[in-house]
Amino acid sequence: MEGTRLLFLDFEFTMPESKRKPHGFYPEIIEVGAVFVQEDVQDTFSSYVRPMRFPLLTERCKSFLNVSQEDIDGGISFLELMVALRQYEGATLITWGNMDVRVLQQNCAAAGIVCPFQTHRDLSLEYKHFFGDRNQTGLWKAIESYGKKGTGKHHRALDDALTTYNIFKLVEKDKQYLVKPAPPTIGDRVDFSKLLKRVSTN
């Protein structure tokens, strides 16, 4: 882990009013939460983001995410978001589920931008495999299974990114318990001071 650059990322994105999507609709990022870690938290970043293709939020989206059109209108552009994220380029991206990365890649493609992250870890999949769960667990259910509470409010991007980081630390700690200890060396097995004493008395 030492020196490893990790970026815990969470997005909230637009959603259609119903299952019938408007022509050309795709989920667009409207909020970002990022936690940059190198041994410990070095930086956090949070902002609303203005969608490009469908700038007006649906009532369903505003209600589900508890955001207003004014919140989003006051956000940064997608291009400004990418400038902000490029400072973490080369870090391993860690998200809860793969939807955030898929939406990021789709938004980058729509804007004609190369996605700045090549390495990605889906922590929900790691959690599922580690605990042998059949189904993938929701973010807040996962932290509650550890007897902990999520940070802040669910579906707020920075709070969810911080919660993802907290689960990561708990899972990594549990993994350490499963690591087999190294076999003892000859020096561990033999007390050389006693051996030398025995040799000197003979």
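**Note on a predicted model**

1. Asn-107 is buried, at a relative accessible area of 2%. The model in which this residue is seen is a predicted one. Asn-107 belongs to helix 4. Its side chain comes to 3.0 Å from the backbone nitrogen of Ile-29. With neighbours up to four places away in sequence set aside, Asn-107 is in contact with Tyr-26, Pro-27, Glu-28, Ile-29, Met-52 and Phe-78. Ile-29 therefore appears both as the partner of the polar contact and in the list of contacts, and the 2% figure counts as buried because it falls under 20%.

2. The overall layout comes next. The protein chain has 9 helices and 5 strands. Followed along the sequence, these elements give the pattern β-β-β-α-α-α-β-α-β-α-α-α-α-α. The chain holds 202 residues, of which 42% are buried. Among contacts with a separation of 6 or more, 68% are between residues 24 or more positions apart.

3. One example of a long separation in sequence involves strand 1, where Leu-6 is found. How far apart are Leu-6 and Ile-94 in sequence and in space? They are 88 residues apart along the chain, while their C-alpha atoms are 7.0 Å apart. Leu-6 has a relative accessibility of 2%, so it counts as buried.

4. Gln-69 is another polar side chain to inspect. Gln-69 is in helix 2, which covers residues 69-73. Is Gln-69 buried or exposed? Its relative accessibility is 12%, so Gln-69 counts as buried. A polar atom of the Gln-69 side chain lies 3.0 Å from the backbone oxygen of Pro-55. Leaving out residues up to four places away in sequence, Gln-69 touches Pro-55, Leu-56, Leu-57 and Lys-62. Pro-55 thus offers its backbone oxygen to the side chain of Gln-69 within the 3.5 Å limit for a polar contact.

5. The largest pocket contains about 370 Å³ of space. It is lined by 17 residues, and those closest to its centre are Asp-10, Phe-11, Glu-12, Asp-100 and His-155. Strand 1 (6-13), helix 1 (59-65) and helix 4 (99-111) are the elements that supply two or more residues to this lining. Which element gives the largest share of the lining? It is strand 1, with 4 residues. Sorted by class, the lining has 8 nonpolar, 5 polar and 4 charged residues.

6. His-155 was named above as one of the residues closest to the centre of the largest pocket. It sits in the loop between helix 6 (139-145) and helix 7 (157-178). At a relative accessible area of 25%, His-155 is partly exposed. The backbone of His-155 should also be checked, since most residues other than glycine have a negative phi. The phi of His-155 is positive, near 70 degrees.

7. Asn-66 likewise is not a glycine and has a positive phi, of about 55 degrees. It is placed in the loop between helix 1 and helix 2. Asn-66 counts as exposed because its relative accessibility is 63%, over the 50% cut-off.

8. Helix 5 spans residues 123-131, and its buried residues are Leu-123, Ser-124, Glu-126, Tyr-127 and Lys-128. What do these buried residues pack against? Their partners are strand 4 (92-95), strand 5 (120-122), helix 6 and helix 7. Just after helix 5 comes Gly-132, with a positive phi of about 70 degrees.

9. The last point concerns the cysteines. How many disulfides are counted? The count is 0. Cys-115 is in no disulfide, and the nearest cysteine sulfur, that of Cys-108, is 4.6 Å away. Because a disulfide requires sulfur atoms within 2.5 Å, the distance of 4.6 Å from Cys-115 to Cys-108 does not qualify. Cys-115 counts as buried, with a relative accessibility of 14%. Cys-61 counts as buried too, at 1% relative accessibility.

Terms used: Residues numbered from 1 in each chain as written. Predicted model: local features only at pLDDT ≥ 70, side-chain atom pairs only at ≥ 80, totals over all residues. Heavy atoms only, no water. 1 Å grid on protein atoms, 1.4 Å probe; cavity = no way out; pocket = protein on both sides within 12 Å on 5 of 7 lines; lining within 4 Å. Points joined across faces, edges and corners; volume = space filled by probe spheres on them. Nonpolar A, V, L, I, M, F, W, Y, C, P; charged D, E, K, R; others polar. Buried < 20%, exposed > 50% of the residue type's maximum accessible area, 1.4 Å probe, protein only. Polar contact = N/O pair within 3.5 Å; in protein donor to acceptor, adjacent residues only side chain to side chain. Contact = heavy atoms within 4.5 Å.
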